[in-house]
Amino acid sequence: MSDAPRADPAWDSFWRYDRLSSFHAAPGAPNYGPPIADGWRAFFASLPPRSSVLDIATGNGAIAVLAIEAGDDLVVTGADLADVRPADFVTTASAALGRVTFLANTPAEALPLGDASVDAIVSQYGIEYSDLGRSLPEAVRMLAPGGRLRFAMHAAEGAIARDTATSIADADFLLDLDLVGLAEQSATQLAAFNAALRAIADRVPAATDKAMLANVHKSLCDAYDFRRGDLIAVATVQRAEIRAHRDRQSALLAAARSLEDMHRLGARLTAFGLTAVTYSDQRDGADLIGHVIEATKP
């Protein structure tokens with residue numbers, strides 16, 4: 001039996017949606033904006049014309065699209081462990097996406113590209129989810145002489161990691177409520193149903209942004225008003241979606257890297273023979289959100 005990594009089904013579901021990046025939830029939402037996009041655009045614009053680029057953990061191709069838009073006729077491939085199919089779901093940047101070759105169900109630890117075959121290897125909030133003990137040497141193997149590497153990783157001490165911890169607490173709170181039990185008890189009694197929802201609202205943790213609760217509340221109310229017989233089924237789906245959200249957020253926290261971690265990563269790249277290792281940050285105003293590392297293969 002193969003020991004190759006397999007994607008969590010929650011990630012398959014996450015990318016089967018009209019979103020380019022993980023930062024935006026609304027259908028048809030735009031790609032990354034400043035400051036994340038600015039750093040990537042500058043990097044891709046600095047590459048020689050027709051350079052080959054590999055985007056590891058590409059998702060629906062947000063960084064791959066930036067490479068197409070900012071670079072000079074770059075040849076871009078995006079690989080992801082999940083079953084990504086941007087052409088089936090994403091309505092924005094369709095022209096750029098059409099120029100990207102996507103490798104779905106492809107682990108960062110075992111990529112089907114030749115030695116020294118890629119001029120630039122990049123990842124935005126992705127490669128840190130992999131087994132870096134295997135994915136880093138794999139990236140170095142594929143990087144051509146003179147090739148460049150740029151990885152952006154979630155900052156463990158940053159604002160996203162902080163907010164993610166709150167989001168996990170919110171998900172745990174909602175899972176503890178037993179939404180299915182609530183639906184079973186209230187499916188035929190409007191007063192009981194509304195009273196139960198009010199009781200939930202009163203118990204929401206003070207730290208929450210209430211967005212997840214609001215979505216759950218709306219879905220249950222819609223089911224009650226328009227398709228009451230489906231209320232239990234809707235609650236069951238909601239519970240599964242909340243659990244998947246919590247699992248994705250927990251994976252984010254586990255993957256986040258501190259500045260000290262990034263310097264250890266730089267030492268490993270140096271040991272692999274890469275040079276010109278540099279470090280920078282991604283920030284949203286004053287808030288730190290990610291750490292960036294760059295290196296060159298002599």
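The following exchange examines selected features of this predicted model.

Trainee: Is helix α3 largely enclosed or open, and how many of its residues are buried?

Mentor: Helix α3 spans residues 62–70. The buried residues run from Ala 62, Ile 63, Ala 64 and Val 65 to Leu 66, Ala 67 and Ile 68. The helix is therefore largely enclosed by the rest of the structure, and the number of buried residues is seven of the nine.

Trainee: Which elements are included in what covers the buried residues of α3?

Mentor: Both helices and strands take part in this cover. The helices include α2 (36–45) and α5 (94–97). The strands include β1 (52–56), β2 (75–79), β3 (100–103) and β4 (118–124).

Trainee: Which element gives the most to the largest nonpolar core?

Mentor: This core has 30 residues, of which Trp 40, Phe 44, Val 53 and Val 76 touch the most other members. Two or more residues come from each of α2, α3, α5, β4 and β7 (287–296). With seven residues, the element that gives the most is α3.

Trainee: Which residues does Val 53 touch, leaving aside those up to four places away in sequence?

Mentor: Val 53 is one of the residues that touch the most other members of the largest core. Its contacts, with that sequence exclusion, include Phe 44, Leu 47 and Thr 77. The others on the list are Leu 74, Val 75, Val 76, Val 118, Ala 120 and Val 122.

Trainee: Which peptide bond is cis, and what is its omega?

Mentor: Most peptide bonds are trans. A cis bond occurs here at Pro 35, whose place is in the loop between α1 (9–15) and α2. The bond runs from Pro 34 to Pro 35, and its omega is near 5°.

Trainee: Is Asp 73 buried, partly exposed or exposed?

Mentor: Asp 73 is placed in the loop between α3 and β2, and its phi is near 55°, a positive value in a residue other than glycine. Exposed would require over 50% relative accessible area, and buried under 20%. At 41%, Asp 73 is therefore partly exposed.

Trainee: What is the phi of Asn 105?

Mentor: Asn 105 lies in the loop between β3 and β4. With 49% relative accessibility, Asn 105 counts as partly exposed. Its phi is positive although the residue is not glycine, with a value near 55°.

Trainee: How far apart in space are Thr 166 and Gln 249, C-alpha to C-alpha?

Mentor: Thr 166 belongs to helix α7 (residues 159–176) and is partly exposed, at 25% relative accessible area. In sequence, Thr 166 and Gln 249 are 83 residues apart. In space, their C-alpha to C-alpha separation is 9.8 Å.

Definitions and conventions. Residues are numbered from 1 along each chain as its sequence is written. This is a predicted model: local features need pLDDT of at least 70, side-chain atom pairs count only at pLDDT 80 or more; totals for chains, interfaces and linings use all residues. Side-chain values use heavy atoms; hydrogens and water are left out. Buried means under 20% relative accessible area, exposed over 50%, partly exposed in between (1.4 Å probe, protein chains only). Helices (H or I, at least four residues) and strands (E, at least two) are DSSP runs, numbered from the N terminus. Contact means heavy atoms within 4.5 Å. A nonpolar core is a set of buried Ala, Val, Leu, Ile, Met, Phe, Trp, Tyr and Cys residues joined through side-chain atoms within 4.5 Å.
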